[in-house]
Amino acid sequence: QHQQPYHGRDIWKGDCVQIAFDPMRDAVRGSQYDINDSEYAVALTADGPQIWRYICPPDSYVGIVAGARVAVRRTGEETLYEVALPWRMTTYVPRP
């Protein structure tokens, strides 16, 4: 049974999909995220589909992601998640 009673930053506590990106491929086993990484959660809430950014580069923001396209559908016992993020939200380009 689908369980998602949460909204906004708390959607990770219910049924959701969490996605992380490390565009510089500089992760070290056992380490935390660094400044070029980002993490998102996508959920079907009572208010409809939501995508929330938890971790992001310093020049971005934490919160509901504007510009993302999200569709979440329930069919019987299955949940289908579809997400389209602008590339700028998944990559980090170092500045000179």
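Start with the open sheet: in this predicted model, select strands S1 to S4, which line up in the order S1-S2-S3-S4 with antiparallel pairing. Now look at the two edges, S1 (17-21) and S4 (63-64). Each has a single partner strand, so one side of each is left without a neighbour in the sheet.

Next, pick the pair S2 (residues 38-45) and S3 (residues 48-55). These two run antiparallel and are joined by seven bridges. To see one of the pairings, click leucine 44: its bridge partner in S3 is proline 49.

Keep Leu44 selected and add Tyr40, Val42, Ile51, Val65, Ala68, Val72 and Met89. Together these eight residues make up the largest nonpolar core. S2 is the top contributor here, giving three residues. Apart from this core there is another one, of five residues; Ile11, Ala41, Ala43 and Trp52 are among them.

Back to Tyr40 for a moment. Leaving aside residues up to four places away in sequence, what does tyrosine 40 touch? Show its contacts and you'll find Val17, Gln18, Ile19 and Phe21, then Ile51, Trp52, Arg53 and Tyr54, and finally Val65, Leu85, Met89 and Thr90.

Last stop: the hairpin. Select S5 (residues 69-75) and S6 (residues 78-84), an antiparallel pair with seven bridges between them. Arginine 69 has alanine 84 as its bridge partner in S6. Then move to the turn, where two residues sit between the strands, and check the backbone of glycine 76: its phi is positive, near 60°.

Key
Residues numbered from 1 in each chain as written. Predicted model: local features only at pLDDT ≥ 70, side-chain atom pairs only at ≥ 80, totals over all residues. Heavy atoms only, no water. Pairing = 2+ DSSP bridges. Helix = DSSP H or I, 4+ residues; strand = E, 2+ residues; numbered from the N terminus. Core = buried A, V, L, I, M, F, W, Y, C linked by side-chain atoms within 4.5 Å. Buried < 20%, exposed > 50% of the residue type's maximum accessible area, 1.4 Å probe, protein only. Contact = heavy atoms within 4.5 Å.
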